[in-house]
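Student: Please take a close look at one pocket of this protein and tell me what forms its lining.

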Amino acid sequence: MADVSSDDVEKCTFAYNIYDTEGSGQLDCFFLGDLLRALGLNPTQGLIEKLGGTKKKGEKTISFEEFLPVFSQARKDKDCGVYEDFIECLKLYDKAENGLMVGAELSHILLSLGERLNEKEVDEVLKDCLDPEDDDGMIPYIPFLARICEKPVPDDIKPVL
């Protein structure tokens, strides 16, 4: 495929083979989103479904040759946000412009905007990635986003204890 480099093909082959759990040369489309994320992409659930992903195991499979155009298409998608976009969004909730927002607002955002998470997912994400709230219920959102987006937490941002 012309728009997938040989390095990308090598990475895709490695990741594809991990998700081809049967070793059959066919990937269960239930794992398509996981495979794309393992390759550093951030597809929405809508895009995954559009590209052939399924919600149940065993409904559909895809060969490696069929996967490469899917990878190429997902990589071109401009509808997924990036770290800097997420920071700009959460700045809207930073009333004092000091890098802090109300922790309950972050929980509400995750439950109600975009591709919503359920309460169990929100609790897990916040437990794993969020610094503790201060006495006023404020949390630093930049370290949270850095952890979510697998970026280094900036040195000049200290966790609130």
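Tutor: What follows describes one pocket and a charged pair in its lining. The model is predicted, so local features need pLDDT of at least 70 and side-chain atom pairs count only at pLDDT 80 or more, while totals for chains, interfaces and linings use all residues. Residues are numbered from 1 along each chain as its sequence is written, and side-chain values use heavy atoms, with hydrogens and water left out.

The second largest pocket has a volume of about 160 Å³. A pocket here is an open set of points on a 1 Å grid over the protein atoms alone, where a 1.4 Å probe fits, with protein on both sides within 12 Å along at least five of seven lines; lining residues have an atom within 4 Å of a point. The volume is the space filled by probe spheres set on the points.

The lining consists of Cys29, Phe30, Gly33, Asp34, Arg37, Gln45, Ile48, Glu49, Thr54 and Lys55. Helix H2 (32-38) and helix H3 (45-50) each supply at least two of these residues; helices are DSSP runs (H or I, at least four residues), numbered from the N terminus. By type, the lining divides into three nonpolar, three polar and four charged residues, with Asp, Glu, Lys and Arg counted as charged and Gly among the polar ones.

Two of the lining residues, Lys55 and Glu49, meet through their side chains in a salt bridge of 3.5 Å, N to O. The term requires a side-chain nitrogen of Lys or Arg within 4 Å of a carboxyl oxygen of Asp or Glu. Lys55 is exposed, at 64% relative accessible area, whereas Glu49 is partly exposed, at 38%. Exposed means over 50%, buried under 20% and partly exposed in between, with a 1.4 Å probe and protein chains only.

Definitions and conventions
Helix = DSSP H or I, 4+ residues; strand = E, 2+ residues; numbered from the N terminus.
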